[in-house]
Amino acid sequence: MIGISRTKFRDFIPVLALLLLVAGIAVLEPGFLRPANLLGVTADTMTLFLMASGATLVIMLGSIDLSIQAVASMASCIVAVLLPDWGPLALLVALLAGAISGLFCGLVVNYLRIPSFVATLAVGGVVTSIAYWVSDTRSVYIAEEDKAAWLDWATGTSFGIDNEVLTGLVVLAGLTVLLSFSRFGRLVRAIGSQERAVIATGINVDLVKLLAFIVAGFMAGLAGVVMAARLGSGSPTLANEFLLPAIACIIVGGTAITGGVGSIWKTFVGALIVAVMRIGMTFVGVTVFAQQIVFGLVLVIAVAITMDRTKVSVVK
Amino acid sequence: MNDTVLEVSKVSKSFPGVKALDTVDIVIKRNEVVGLIGENGAGKSTLLKVLTGIYQQDEGTVFLNGSKENFRNPRDAFDRGLAMVFQEQSVIPTLSVAENIFLGRENEFVKFGLLNKRAMNAAARLELAKVHLTIDPSVKCSSLGFAERQMVEIAKALSLDGRIDGEIVILLDEPTSVLERREVELLFQIIKELKQRAAIIFISHRLDEVLDISDRIYVLRDGAVVHSTDADDATIEELHEYMVGRQLDHEYYRENRQRDDEKQPLLRVENLSLEGEYRKLSFELGAGEILGVAGVVGSGREALARCLAGLAKPDAGSITINGQPQTINSPRRAVKSGFGFVPSERKTEGIVPGLGVSENMTLASGNRFTRYGLIRFAQEKREANRWIEQLNIRTPSTSTAMQSLSGGNQQKVVLAKWQLVGSQILILDHPTRGIDVGAKEDVYELIRDMADQGIAILLLGDTLEEVIGLSNRILVLRDGQVSASFDAPAGGKPQQVDLIASMV
């Protein structure tokens, strides 16, 4: 490894894993490598990536956001219900609702001093109830003309590329700038690495956390909107079963659950790994129900590899 | 018959960049109290951690009761007869006294699968009697005072008597640091009685106490045993000289650079109080002045430092800077008011280990290194390089993670951080704790530089000597109040004994 330090090398293990998985499937099914197919797989992965992208910031803080699947479902309901009457305003309301859910998560963590794991679980419960109330506990279908008019940006194609992929790339670029080039991003990493030192330095740690939760809620809301566009309906259970894969792709990408280390491109790679794994499993005949077992296992292994053990002397 | 209970033979232990223990030889005989002294960073705690299996030595051997030992952890060491009474106590507050004493050894009292609490309490009572403690063994440890909990720990160690083969060794790590004088006397009386039952290692930085209680004394410095003597033949002055490795040296603290001219008043603290910590503290601090604060643990000086840093809120009193009253209710406000805090817990409160050197330096500088919300990396790097050169910080690059720097270099980065913000008042809480001798001198030089620039410095020194050597003036705190105040001009420094007299 000339010129590449060991930590740098570790950064690229997920990329190697992704290439190996792709190569493995390509051996079994050479058609997998066709550009159109790869693009399609990437497009299918983007909702998962959107959901995980904002939550990456929260995990880098050393916290966790368990409300994202509830928020995405709620956003899908809001879009489906409001679109006929409100048009594009419905999108705005859905995204705003996501951001507000994140705001509440952050407020509960900051002002009630409750661990994020409990706070976001509780807010997630509230959000789910709101989704049921908004949708009147049913799936709400989106009429074709509404979809064509207002959701084409999410599901159509531009320059021959699926719009999901473009949305994903825009988010990837935007959050990378936020995380790597802004003071906010640096403070997120700092808090995850050693919060007490950041507090003692006189930084408004609560504000940074609040913003991170808001971003996570907003991105979960966006994921819900895109999901609704793809499926043509909104439902209070639309994003169920997405939480575990979302957390898995953050961690599999190499972001440490203990905070301080991570980036958005890692989550992007992680999302692709999860998606390719899923395809691979379907290919070799693992049923959808059994796939959660594999995700669970991969998550545990990835956490064990990436976590910073100097930070955790006692595991609870 | 061989009287040796514990023998440490040629033990060495290295950490990256520092040899913490260098071929250490120590022997403890039956019925003996051995004193172990050394400055902070001399290797005392590393030795204890090797003895109790928290660290494994790189070289050398430990013999206990004649057999070669390689303890895997403190529990392993305990089961073999080597018990440590920790400075931060290890009793579990939610368990009863008896449960703590026999933690992990409950099987002795199990009958038909059930724990016979009455038998366990009775056995605990026997052990407690050895330390003259007449408390009910079924009460929870959380209801006990500090001294009582310490006695419970010692009783726990004594409970090994008769339950293992061979002699017990009890390690007492700074056992007197938080005790009242009366409690210290009681502890010493008990130690004298315990000599019949166990060999004891007594670790302290209080030389008078070590002389008083020990039969023999080892002095550690820079990881090596530099002196060993019978206590009867030793004097405090001699031990002190061995401990610091030189006679009191004025140059060491850059006394020649001390300026004792009239200072422009800057900080004024009036009647500051924090319930349970300190009461009605009043003092002034001038620009360019170094004010030392001396006092034992619990004297209130740590709490005072944390209040000025905004990490604790005083109940009453006022803080004025340049005549302007300040409300310091958060670290943010403290930094805005011009305070900079160099904490004693460098690794948790001083540095962000995962961030790079330059990122740590500019952490407090707000948006000074951003444009349109984006960080100006080149400008930041330039500034960081300037400070790296100026403060002689040894780091491969500006982006090297803080955690891979040595303690001394980390501390310099923390000091650079506050100078970058332009802090007017620095609170230095044990600024040289756990850093090596060379880096210490760099830090002293730096403190003089900052004083020259007109920065006011409140210094809680790591040693009394350091406080005396660096300060213009010294406040001594006792039980939360100012018990004395000394002028400490260059060439007219007060004596340690004078300070100690008002500390205890």
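**Notebook: the contact of chain B with chain A**

I looked up the contact first, and in this predicted model I noted that chain B contributes 27 residues to it while chain A contributes 20 residues. I then took the area that chain B and chain A bury between them, which comes to about 2,000 Å², with 57% of it on carbon and sulfur atoms.

Next I went through the charged and polar pairs. I recorded four salt bridges between chain B and chain A, and I looked at one of them by name: B:Glu380 pairs with A:Arg186, where the closest N and O atoms are 2.5 Å apart. For polar contacts between chain B and chain A I entered a count of 10 residue pairs, both residues being at pLDDT 80 or more.

I then asked which elements of chain B supply the side that touches chain A, and I listed α10 (331-337), α11 (346-350), β20 (374-375), α13 (377-390) and α14 (407-421), each giving at least two residues. The largest share of that side of chain B, four residues, I assigned to α11(B). Sorting the residues of the side of chain B that touches chain A, I wrote down 13 nonpolar, eight polar and six charged.

As a separate entry I turned to helix α1 of chain B, residues 44-51, and found it mostly covered, since six of its eight residues are buried. The buried residues I noted in α1(B) are B:Lys44, B:Thr46, B:Leu47, B:Leu48, B:Val50 and B:Leu51. Following the chain just past α1(B), I came to B:Gly53, for which I entered a positive phi of about 80°.

Terms used
Residues numbered from 1 in each chain as written. Chains lettered and ligands numbered in written order. Predicted model: local features only at pLDDT ≥ 70, side-chain atom pairs only at ≥ 80, totals over all residues. Heavy atoms only, no water. Buried < 20%, exposed > 50% of the residue type's maximum accessible area, 1.4 Å probe, protein only. Contact = heavy atoms within 4.5 Å. Buried area = accessible area lost by both parts, 1.4 Å probe. Salt bridge = Lys/Arg side-chain N within 4 Å of Asp/Glu carboxyl O. Polar contact = N/O pair within 3.5 Å; in protein donor to acceptor, adjacent residues only side chain to side chain. Nonpolar A, V, L, I, M, F, W, Y, C, P; charged D, E, K, R; others polar.
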